[in-house]
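User: Could you walk me through this structure? I'd like to start with its rings and then get to its strands.

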Amino acid sequence: MNTEFLTKCYPNFEKELIQEIEEHSILKTFKKGEFIVKQGQYIRFLPIIQNGCVKVFCNEQSIDFLLYFLESGESCIYSFAHVNNGEQANFSAIAERDSHLLLLPVDKVKFWMKKHPSFSSIILNNYKKHYNDLLNTTKQIICYNLDDRLIYYLKTKAKLLGTHLLSISHQEIANDLGTSREVISRIMKKLSLKEVVKQDGRKIKVL
């Protein structure tokens, strides 16, 4: 198993810890659109993204709502939260593009947290980062209009996916931003006139 990315992302990990992760974890590929975790499932593993991009979202009253994105070397704070409580997941995670994830068994995660302080540090680092992500999302909802939120969303996706040409429908955007397809289509027309974005067939180009 190639876990060199762990050494790069977490240089404080002891050699022994790296060896134990290699021995007990699984490296799995998730295709674009494939669920990694579904809301309502029990958490059996802690995912760490080797490469790719993962979207974390929740569903409330049949409405999906984007929480944050995960990149290489990151893990999901919501998965951490379920490591000890044994409750069903109150979120979903889906691959935004083909992604390789390292799956760490929950029982081993508990053990490593006690045995290796360096492992616990990734929890604190991820909590800090995604706390800021959630704070930013909340700030956008309260302080920004939907036009600005949409622009920020598209630019973020373009950066994460490494392309300015996004294969995404208005309905998908509406789901992530908690609004309707009609509203997104109306704003997209406005942004096209302002030359912020361009509808290129079924794709959206971020200018």
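User: Are Trp112 and Phe119 buried or exposed?

Analyst: Keep in mind that this is a predicted model. To count as buried, a residue needs under 20% relative accessible area. Both Trp112 and Phe119 turn out to be buried.

User: How many aromatic pairs are there, and what kind of pair do Trp112 and Phe119 make?

Analyst: Searching the whole structure turns up four aromatic pairs. For Trp112 and Phe119, the ring centres are 5.8 Å apart and the planes sit at 65 degrees. Planes over 60 degrees apart count as edge-to-face, so this pair is edge-to-face.

User: Which residues do ring pairs link into a cluster?

Analyst: Trp112 and Phe119 belong to it, and ring pairs bring in Tyr10 and Phe13 too. That makes the cluster Tyr10, Phe13, Trp112 and Phe119.

User: Which residue lies over the face of Phe57?

Analyst: A charge sits over a ring only if it is within 6 Å of the ring centre, with an angle limit as well. Here the distance from the ring centre is 5.3 Å, and the residue is Lys55.

User: What is the strand order in the open sheet, and which strands are at its edges?

Analyst: Four strands build the open sheet, with antiparallel pairing, in the order 2-6-4-5. An edge strand pairs on one side only, and that fits strand 2 (35–37) and strand 5 (63–70).

User: What is the bridge partner of Val37 in strand 6?

Analyst: Strand 2 and strand 6 (residues 92–95) pair in the antiparallel sense over two bridges. Val37's bridge partner in strand 6 is Ala93.

Definitions and conventions
Residues numbered from 1 in each chain as written. Predicted model: local features only at pLDDT ≥ 70, side-chain atom pairs only at ≥ 80, totals over all residues. Heavy atoms only, no water. Phe/Tyr/Trp six-rings, centres within 6.5 Å; stacked < 30°, edge-to-face > 60°. Buried < 20%, exposed > 50% of the residue type's maximum accessible area, 1.4 Å probe, protein only. Lys NZ or Arg CZ within 6 Å of the ring centre and 35° of its normal. Pairing = 2+ DSSP bridges.
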